[in-house]
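Before turning to any single pair of elements, it helps to take in the chain as a whole. Please keep the sequence and the model side by side while reading.

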Amino acid sequence: SGRQIFQRLHTLRNAEKELLPGYHQFEWQPALKNVSSSWDVGIIDGLSGWTTFVEDVPADTISRRFRYDVALVSALKDLEEDIMEGLRERGLDDSICTSGFTVVVKESCDGMGDVSEKHGNGPAVPEKAVRFSFTIMSVSIRVEGEDDGITIFQEPKPNSELSCRPLCLMFVDESDHETLTAILGPVVAERKAMMESRLIISVGGLLRSFRFFFRGTGYDEKMVREMEGLEASGSTYVCTLCDSTRAEASQNMVLHSITRSHDENLERYEIWRKNPFSESADELRDRVKGVSAKPFMETLPTLDALHCDIGNATEFYKIFQDEIGEVYQRSNPSREERRRWRSTLDKQLRNKLKLKPVMRMNGNYARRLMTREAVEVVCELVPSEERREALKRLMDLYVQMKPVWRSTCPSRDCPDQLCRYSYNSQQFADLLSTTFKYRYDGKITNYLHKTLAHVPEIIERDGSIGAWASEGNESGNKLFRRFRKMNARQSKTFELED
């Protein structure tokens, strides 16, 4: 409709203020450690709760946030009707159900590139932002006499920006570890305090008690590595879920299991710091498997479906390029040749699929590229019939595997592909290590390794990968740009090249 529905805070009407944190009364039992018990707290300075010493350089950044517990209360009150409806549907008497509620929260955090004001002139200032947000995934209740909890609310659209509630906005570069951890420090402390306490809040006219479980799954790999103290993503330790090295992962593509955890990372950091066995740097690094900084925030080892899509599409794009140039027959082609194949590929994709070349692979491009029709179009440029068949087979397997880690509930949406996943990934790996050996000799990309090796195990543990992805937060980034009246990343400059 083109109407601006987002208003400044002071112009909001009272009905709208009810939706903002700080409106509803609540208490914690026992009271939260180091967190004030006042409940009418709105937007606070993101640096509050961060005591500075005289010799500290004050963090040079602007940051705003809600207090975590206040924001959670607001989110729960927003779901009040759904919770009551859920109790009625399960035939539970709401006057008896006053305790035993469990809330599962998905946390997401993502850095955003250039968010400087655009006025069309003057130098571009490198202004970056990081957004931290959460989504209430489910509310369940434990009834006396029952072992399992009964789910009374399940978020139907866990990846929509509508269910993804912003907690903290900061103008920080996500690579600036010190400032990032300084601002998120209080958030981590509040989260830790809440895990050891119960929230008492009025829902449906009665006081009820809730406990919270937090699952940090909405992070891309860069952020996970930063939060968990692992080396950056180019490291020989290719995976944030297991200890495999890149060479091992390319030799044995499928058989790995999840071994890393936050607690283990903390232990390994201590070993790294103390070096109890007086080993050389290389031996020590091998012992701690690439944990070389202090893990800061607990994330749940999982695979981020959105970035998995993007990572794998980037990889396929490069395979397409190499197949057009028949790299399997020759060693190291020049940069000029590679550039030529790339422009041939871009031209073909643009003419046949209306796919404009992009500077950095994004979700929409990745989804369009990873289809059977895209591979048909690319095969028109591949000279050998045998290679064309192999490419089609590769894409065919990928298309069958993809719904398993994309869908919100794979056992419901694609049970057959879920059952065949391990078999398909084995076939896929065999193809890579034979026909496409030239690309996977001793190296493999991080997300491809996770796609092949870890998907079934994560799904067995969580029931879904897609539902826990970072998409909701990524969509929220668009709104953020909208509020800043800033339409970056829509520039036409790149499309004019080529």
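The paragraphs below go from the overall form of the chain to the packing of one pair of helices.

The model shown here is predicted, and its chain contains 19 helices and 9 strands. Along its principal axes, the C-alpha trace spans about 70 × 60 × 60 Å. The radius of gyration of the chain is 25 Å, which agrees with the value near 23 Å that a compact globule of 498 residues would have.

Of these 498 residues, 50% count as buried, and the surface that the chain exposes amounts to about 25200 Å², with carbon and sulfur atoms supplying 50% of that area. Among the contacts in the chain with a separation of 6 or more, 72% are accounted for by residues that lie 24 or more positions apart.

How, then, do helices α9 and α13 lie with respect to each other, and at what angle do they cross? The axes of α9, residues 305-324, and α13, residues 385-406, come within 12 Å and cross at roughly 180 degrees. Since angles over 145 degrees count as roughly antiparallel, the two helices α9 and α13 are therefore roughly antiparallel to each other.

On the α9 side, the contact is made by A305, L306, C308, D309, N312, F316, I319, F320 and E323, while α13 contributes R387, L391, L394, M395, Y398, K402, W405 and R406. Sorted by class, the contact of α9 with α13 has 11 nonpolar residues, 1 polar residue and 5 charged residues.

Technical notes. Residues numbered from 1 in each chain as written. Predicted model: local features only at pLDDT ≥ 70, side-chain atom pairs only at ≥ 80, totals over all residues. Heavy atoms only, no water. Axes fitted to C-alpha atoms, helices over the stretch in contact; angles between N-to-C directions. Helix = DSSP H or I, 4+ residues; strand = E, 2+ residues; numbered from the N terminus. Parallel < 35°, antiparallel > 145°, perpendicular 65-115°, else oblique. Contact = heavy atoms within 4.5 Å. Nonpolar A, V, L, I, M, F, W, Y, C, P; charged D, E, K, R; others polar. Rg over C-alpha atoms; globule rule 2.2 N^0.38 Å. Buried < 20%, exposed > 50% of the residue type's maximum accessible area, 1.4 Å probe, protein only. Areas by Shrake-Rupley, 256 points an atom, 1.4 Å probe, with all protein chains shown as cover.
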